[in-house]
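Q: Please take a close look at one part of this predicted model: a pair of packed helices, and the aromatic contacts that one of them makes. Which residues are involved, and how are they arranged?

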Amino acid sequence: MTSISGTTGTPGIPVAPTALGPVNAPVTPEASLNCGVIGNCSYNAMVDKSGNIVWCCLPRFDGDPVFNALLDNSDNGSVWSIELENCVKTEQFYDPNTAVLRTRLTDADNHGIEITDFAPRFLSRDRMFRPLMLIRRIRILNSAVRIRVRVRPRFDWGRVTPQITRGSHHIRYVGPEQTLRLNTDASLSHLLSESWFLVNKSLNFTLGPDETLNEGIEDICRRFEKETINYWRNWSRRLALPYEYQDVVIRAAITLKMSLYEDTGAIIAAMTTSIPEAPGSERNWDYRFCWLRDAFFVVRALNSLSEVGTMEEYLRWLSNIVASSKGGHIQPLYGIGLEEHLPESTLDHLPGYRGHKPVRVGNQAQEHFQHDVYGNVVLGAAQAFLDHRLLNRAGVAEFALLEAVGEQAFRVHDQPDAGMWELRTRARVHTSSMLMSWAACDRLSKIAHVLELPDRAAYWQGRAEQIREPLLRDSWSEERQAFVESLGGRDLDASVLLMAEVNFIDPMDPRFIKTVEALEKTLCDGPYMRRYEAPDDFGKPETAFNICTFWRIDALARIGRKEEAREIFETMLKARNHLGLLSEDTHPVTGEMWGNFPQTYSMVGLINCAMRLSAPWDSVI
């Protein structure tokens, strides 16, 4: 039996607005991506190295951030902090093979506290229990210490301070569209006054919907922690890991799993919005949506680890997209609830990450024509026709729906589009888009063969060949001695490295090898690789795009330069934060993380390259 009732709590006693504490109290240190992530496939939260919750959107990944200090660490920002008096040292780590995060704060006398943060996730009544509940537990290390707890949620992107009422063991934060309830066995007076207080026993906190706990809070938190740890350890135990880099892969896989919105099957590209790709660049985007391109790469990476459950969930979401498109245009991204309209706007009242504006909500890319999307749809679904482990394998009916997507891919394969980098002011016939149109037709032919539909297999193979020849011919530049970013163009672009990944070309083909060499000379800053050389809407990119670096590593391994690939991979491992997480971009000079975080593309790259570079198990056992 679960321990959350559906009963709405009593209003309690109103509390004066000044109870949120001194106006001039500092909120958090300078914002940083040195954070851990917790989640349960219903919501996510980010915890910085000091134990502050600096980002948490409720009730969905793409919702209102009730804690937003990542984008506003001024006095107006919203944060949940737990401070230790005279703290001199912080440590942070995950329980091995789980999404349960621990932060230790220690004072000069080697006394301190350990904060445990997690989002409950485990099987209950034969289905997954994943409530919108954030649990924080405080354990005393050595002896009694003084702490201060500040819980400052905000609503409407920080514009609305909640009304506060209190009960006997809870505080309610009442907003215009939702009410949050904090249950705790700590002193409510100390919490509301945000004062320092002595603590000599464990404390527990739950924050979530305005519902009454039907067990004692310590019992429920202890049980949920144990069940959640068991869930993640059992999930990790089933992964088919490489011999080397096992901890790297496990952490990346758990992070990808937390990017799944299980209610619908959508997979978000990242958990944040508006972390700039480079300081002052204004390349600040909202990534809390499902890009079909990114989702395909996530599914493919997890499939390589024999974690097919995420694919099964994603196929529910993808099937809805395919059915609603009726063989016509498919957007490059949709909302996690299948929303088509994601208007982009800016929030001028928020200072942004480290003061770098703008803060954007929504994404204009939903208006784009990005023709690689059709290949990503087919590639994302292909394994469902082949994998005998699946509870519901795809068959002839699903193939008919995918054929409509393939027809659209063929119709547009030689038409200009915004490309996979989502250029806002320039349209070309992009090599990467035409490549994915070829992949759609090629995989449909292979699926038809498995389904014993020889006529359809021949039909789609013919379509693939009609795309293949002009793509090989017109994307090659004699001048640059490389495949270039668009047909008949001359600019170099890292996305052409996908030619080998989708089996379009033999990686030992001299043209592919020359392309790798040309890209290294033009796009690389040491081990790091940028996306493209031509200026875009905001000028030339300053930072390296992590997935491009991983594509380079993969390409080097494929063409026989495996030791170089390993050296670059080791550099990328050092680019991760202290918990093994990566953002979208790495600054080639400072090594600092930029871009939205944690970026699924980047975590995919860690898995793919570890699988590519690891020694086989049978070589050491």
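A: Helices H7 and H8 cross with a left-handed sense. In this predicted model, H7 covers residues 396–412 and H8 covers residues 431–450; their axes lie 9 Å apart, at an angle of about 150°. Because of that angle, H7 runs roughly antiparallel to H8.

On the H7 side, the contact is made by Phe399, Leu402, Glu403, Gly406 and Ala409. These meet Ser437, Ala440, Cys441, Leu444, Ile447 and Ala448 of H8. Sorted by class, the H7 and H8 contact contains eight nonpolar residues, two polar ones and one charged one.

H8 also takes part in an aromatic pair, through Trp438. The count of aromatic pairs comes to 27. In one of them, the ring centres of Trp438 and Phe504 are 5.0 Å apart and the planes stand at 80°; an angle over 60 degrees counts as edge-to-face, so this pair is edge-to-face. Phe504 sits in the loop between helix H10 (498–501) and helix H11 (510–523), so the pair ties H8 to a part of the chain 66 residues away in sequence. Trp438 is buried, with a relative accessible area of 4%. Phe504 is buried too, at 2%.

Another edge-to-face pair is formed by Phe550 and Phe569, with ring centres 6.4 Å apart and planes at 65°. Phe550 belongs to helix H12 (residues 546–558) and Phe569 to helix H13 (residues 562–575), 19 residues apart. Both Phe550 and Phe569 are buried.

Key
Residues are numbered from 1 along each chain as its sequence is written. This is a predicted model: local features need pLDDT of at least 70, side-chain atom pairs count only at pLDDT 80 or more; totals for chains, interfaces and linings use all residues. Side-chain values use heavy atoms; hydrogens and water are left out. Axes are lines fitted to C-alpha atoms, for helices over the stretch in contact, and angles run from 0 to 180 degrees between N-to-C directions. Helices (H or I, at least four residues) and strands (E, at least two) are DSSP runs, numbered from the N terminus. Angles under 35 degrees count as roughly parallel, over 145 as roughly antiparallel, 65 to 115 as roughly perpendicular and the rest as oblique. A crossing is left-handed if the near helix is turned anticlockwise from the far one by less than a right angle, and right-handed if clockwise. Contact means heavy atoms within 4.5 Å. Ala, Val, Leu, Ile, Met, Phe, Trp, Tyr, Cys and Pro count as nonpolar, Asp, Glu, Lys and Arg as charged, and the others, Gly among them, as polar. Rings of Phe, Tyr and Trp (its six-membered ring) pair if their centres lie within 6.5 Å; planes under 30 degrees apart count as stacked, over 60 as edge-to-face and the rest as tilted. Buried means under 20% relative accessible area, exposed over 50%, partly exposed in between (1.4 Å probe, protein chains only).
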